[in-house]
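Trainee: I should like to request a close look at a single part of this model. Please treat the annotated domain and the helices associated with it in one connected account.

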Amino acid sequence: MNPDELSPVAQDYLKVIWSRTEWGAPPITTGELAQRFGTSAANVTETLKRLDAQGLVARIPYKPVELTEAGAQCAIAMVRRHRLLETYLVEALGYDWDEVRDEAERLEHAVSDTFIARIDAILEHPTADPHGDPIPDADHRWAHPEDARRLASVTGAGRFRVLVVSDADPEVLRTARELGLVPGVELDVDAGESGAAGAGPLVRVLGREGVEVPGSVAEGMLVRPIV
């Protein structure tokens with residue numbers, strides 16, 4: 001099924017359900033979907049019933065919702081649209097990385113596959129969006145490093161490379177940029193050093209002074225060890 005055959009609400013649900021487990025988190029619950037979309041659990045249940053009837057989700061009452069293969073393919077297509085649009089907004093139109101999420105959310109429901117293919121070609125087939133999230137290719141393939149972890153979960157000391165900074169909160173993105181914590185940057189991390197409660201580990205961007213990472217940034221940042 002092509003995602004263009006679905007309503008914007010259905011497209012959003014599939015994308016959110018898929019994105020929740022992208023980096024290994026447990027499947028999303030009805031209550032969490034209600035919170036994410038600012039609606040009631042009853043409304044979420046009705047939407048999931050419709051998606052179930054279309055063969056896009058495997059819905060079991062009182063259990064977290066999971067996508068079928070058809071639902072996953074539609075979700076990945078929407079993720080591809082979203083991340084390519086974010087990349088285009090930053091690279092071609094001069095948006096900041098903390099401005100693009102909502103704009104891409106609006107645009108992804110209106111563009112065609114041809115439009116997305118043209119953007120992909122113009123950008124020379126990028127593999128990651130401005131926040132570091134991998135962009136699925138036209139065949140819905142992408143790569144996730146198996147050793148990626150949240151900065152907040154790092155223990156001990158070591159050297160890491162920033163992979164992804166979550167775009168869920170613009171303030172997290174602004175703070176991360178101010179601290180120089182952007183995808184591709186290498187860090188010396190000492191998780192044994194921190195200050196105030198709720199703060200993340202002490203990190204040193206190579207060539208710069210050490211900074212204490214706010215807990216919200218450490219929780220929203222994926223890093224990979226450099227061996």
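Mentor: UniProt, in an unreviewed entry, lists residues 6–68 as "domain: HTH dtxR-type". The model examined here is a predicted one. Within it, the span 6–68 is 56% helix and 6% strand, and its end C-alpha atoms lie 15 Å apart.

A helix pair offers a suitable starting point. In general, two packed helices are described by the angle between their axes and the distance between the axes. For H2 and helix H3 (residues 41–53), the angle is about 105° and the axes are 8 Å apart. H2 is therefore roughly perpendicular to H3, since angles from 65 to 115 degrees fall in that class. On the H2 side, the contact is made by Thr30, Leu33 and Ala34; on the H3 side, Ala41, Val44, Thr45 and Leu48 take part. By character, the residues of this contact divide into five nonpolar, two polar and no charged.

H2 also has a part in the surroundings of helix H5. The buried residues of H5 (residues 100–107) are Val100, Ala104 and Glu105. These three cover an arc of only 135° around the axis, which means that they sit on the same side of H5. The general background is that an α-helix has 3.6 residues a turn, so residues three or four places apart point the same way. The cover over the buried residues of H5 includes helix H1 (8–21), helix H2 (30–37) and helix H4 (69–91). On the face of H5 turned away from its buried side are the exposed residues Asp102 and Arg106.

Helix H1, one of the elements covering H5, contains Gln11. With a relative accessible area of 3%, Gln11 counts as buried because the cut-off is under 20%. Apart from neighbours within four places in sequence, Gln11 is in contact with Pro3, Asp4, Leu6, Met78 and His109. Of these partners, Met78 is 67 residues from Gln11 in sequence, yet the C-alpha to C-alpha separation is 7.0 Å.

A residue outside the annotated span may be added. Thr175 belongs to helix H7 (residues 170–178) and is likewise buried, at 16% relative accessibility. Leaving out residues up to four places away in sequence, Thr175 touches Pro214 and Val217. The C-alpha atoms of Thr175 and Pro214 are separated by 8.6 Å, although these residues are 39 residues apart along the chain.

Terms used: Residues numbered from 1 in each chain as written. Predicted model: local features only at pLDDT ≥ 70, side-chain atom pairs only at ≥ 80, totals over all residues. Heavy atoms only, no water. Buried < 20%, exposed > 50% of the residue type's maximum accessible area, 1.4 Å probe, protein only. Helix = DSSP H or I, 4+ residues; strand = E, 2+ residues; numbered from the N terminus. Arc of directions from axis to C-beta. Contact = heavy atoms within 4.5 Å. Axes fitted to C-alpha atoms, helices over the stretch in contact; angles between N-to-C directions. Parallel < 35°, antiparallel > 145°, perpendicular 65-115°, else oblique. Nonpolar A, V, L, I, M, F, W, Y, C, P; charged D, E, K, R; others polar. UniProt positions renumbered as here; feature names shortened; annotations may be inferred.
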